[in-house]
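Subject: Structure handed over, with notes on what was found

Dear colleague,

Please find below the sequence and the structure that I am passing on to you. My notes follow directly after them, and I would be glad if you read them with the coordinates open.

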Amino acid sequence: MIDWRCLYDRYYADNKPLYDLLMTHSRCVADKALSISLSHPELCADNKFIEEAAMLHDIGIYLTDAAPIHCFGTNPYIAHGYLGAELLRAEGLPRHALVCERHTGTGLSLQAIIDRNLPIPHRDMRPVSVEETIVCFADKFYSKTHRSAEKSVADIESSLSRFGNEEVERFKEWCERFL
């Protein structure tokens, strides 16, 4: 079992407000992801991994510049996924790293990264495994600014619509699959 608390302590000990925000957000995402997985035993998902990955999916946010949520790094917020993935790979957690890298939006295709000129590596960053997909889906229900309030499906679809119909359609497919 991965001790994600140890990683939180390593990277967030000097920023208690961000530590608390990350803990609250990640716990909400983990609980939602586990609820989805347990409601769908036919998926044969690895629940231990889902919990660990959900608790670590945003580990890279401290490296970004997002002052309203106590992040004082130098990178754009959109980079937190791949930065967290790099961090987890260095920690010897390559499978967990994939969840970090693939959870932004409903995942980012290479074409979307290029078309939107996003400041992240040019590679496909969409969830592949059922566990990656469940964590990505569960993450959509919680923001970091309204910590434990669960968003409605309609609010999520509205938010995703800014990024195009592909994101909304993928989210709708996940709703049919998981809710």
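Asn117, in this predicted model, counts as exposed, with a relative accessibility of 65%, and its place is in the loop between helix 6 and helix 7. Its backbone is worth a look, since Asn117 has a positive phi of about 50° although it is not a glycine. Most residues other than glycine have a negative phi. Cys44 is another such case, with a positive phi of about 55° although it is not a glycine; Cys44 is found in the loop between helix 2 (16-39) and helix 3, and it is exposed, with a relative accessible area of 65%. A glycine also takes a positive phi, namely Gly92, which comes just after helix 4 and has a value of about 85°.

Turning to the fold, the protein chain has nine helices and two strands, and along the sequence these elements follow the pattern α-α-α-β-β-α-α-α-α-α-α. The radius of gyration of the protein chain is 15 Å, close to the 16 Å that the globule rule gives for 179 residues, so the chain is as compact as a globular protein of that length. Taken along the principal axes, the box filled by the C-alpha atoms is roughly 40 × 35 × 30 Å. Of the 179 residues, 51% count as buried, and among contacts between residues at least 6 apart in sequence, 62% join residues at least 24 apart. The protein chain exposes about 8400 Å², of which carbon and sulfur atoms supply 53%. As for charge, there are 20 positive and 27 negative side chains, and the centres of the two sets lie 1 Å apart.

Helix 4 (residues 80-90) deserves a paragraph of its own, because eight of its 11 residues are buried, which means that the helix is mostly covered under the cut-off of 20% relative accessible area. The buried residues are His80, Gly81, Tyr82, Leu83, Gly84, Ala85, Leu87 and Leu88, and the buried residues of helix 4 pack against helix 1, helix 3 (47-56) and helix 5.

Within this helix, which residues does His80 touch once its neighbours within four places in sequence are left aside? His80 is in contact with Asp58, Gly60, Ile61, Thr64, His103 and Thr104. His80 lies in helix 4 and counts as buried, at 4% relative accessibility. Tyr62 is 18 residues from His80 in sequence, and the two are 8.0 Å apart in space, C-alpha to C-alpha. Seen from the other side, Thr104 has its place in the loop between helix 5 (94-102) and helix 6 (110-115), and, with its neighbours within four places in sequence again left aside, it is in contact with Ile78 and His80. Thr104 is buried, with a relative accessible area of 15%.

The last topic is the aromatic side chains, for which the count comes to 10 aromatic pairs. Tyr8 and Tyr12 form a tilted pair, with 6.4 Å from centre to centre and 50° between the planes. Both tyrosines lie in helix 1 (residues 4-12), four residues apart, about one turn of the helix. An α-helix has 3.6 residues a turn, so residues three or four places apart point the same way. Tyr8 is buried, with a relative accessible area of 0%, and Tyr12 is buried as well, with a relative accessible area of 1%.

The rings of Phe137 and Phe178 have their centres 5.4 Å apart and their planes at 50°, so this pair is tilted. The pair links distant parts of the chain, with Phe137 in helix 7 (residues 130-139) and Phe178 in helix 9 (residues 165-178), 41 residues apart. Phe137 is buried, with a relative accessible area of 0%, and Phe178 counts as buried at 3% relative accessibility. Finally, Trp4, Tyr8, Tyr11, Tyr12, Tyr19 and Tyr62 form one aromatic cluster, and that cluster thus includes the tilted pair of Tyr8 and Tyr12 described above.

With kind regards

How values were computed
Residues are numbered from 1 along each chain as its sequence is written. This is a predicted model: local features need pLDDT of at least 70, side-chain atom pairs count only at pLDDT 80 or more; totals for chains, interfaces and linings use all residues. Side-chain values use heavy atoms; hydrogens and water are left out. The radius of gyration is taken over C-alpha atoms; the globule rule is 2.2 Å times the number of residues to the power 0.38. Buried means under 20% relative accessible area, exposed over 50%, partly exposed in between (1.4 Å probe, protein chains only). Contact means heavy atoms within 4.5 Å. Accessible areas come from the Shrake-Rupley method with a 1.4 Å probe; for residues, only the protein chains shown count as cover. Lys and Arg count as positive and Asp and Glu as negative; His and the chain ends are not counted. The place of a charge is taken as NZ of Lys, CZ of Arg, CG of Asp or CD of Glu. Rings of Phe, Tyr and Trp (its six-membered ring) pair if their centres lie within 6.5 Å; planes under 30 degrees apart count as stacked, over 60 as edge-to-face and the rest as tilted.
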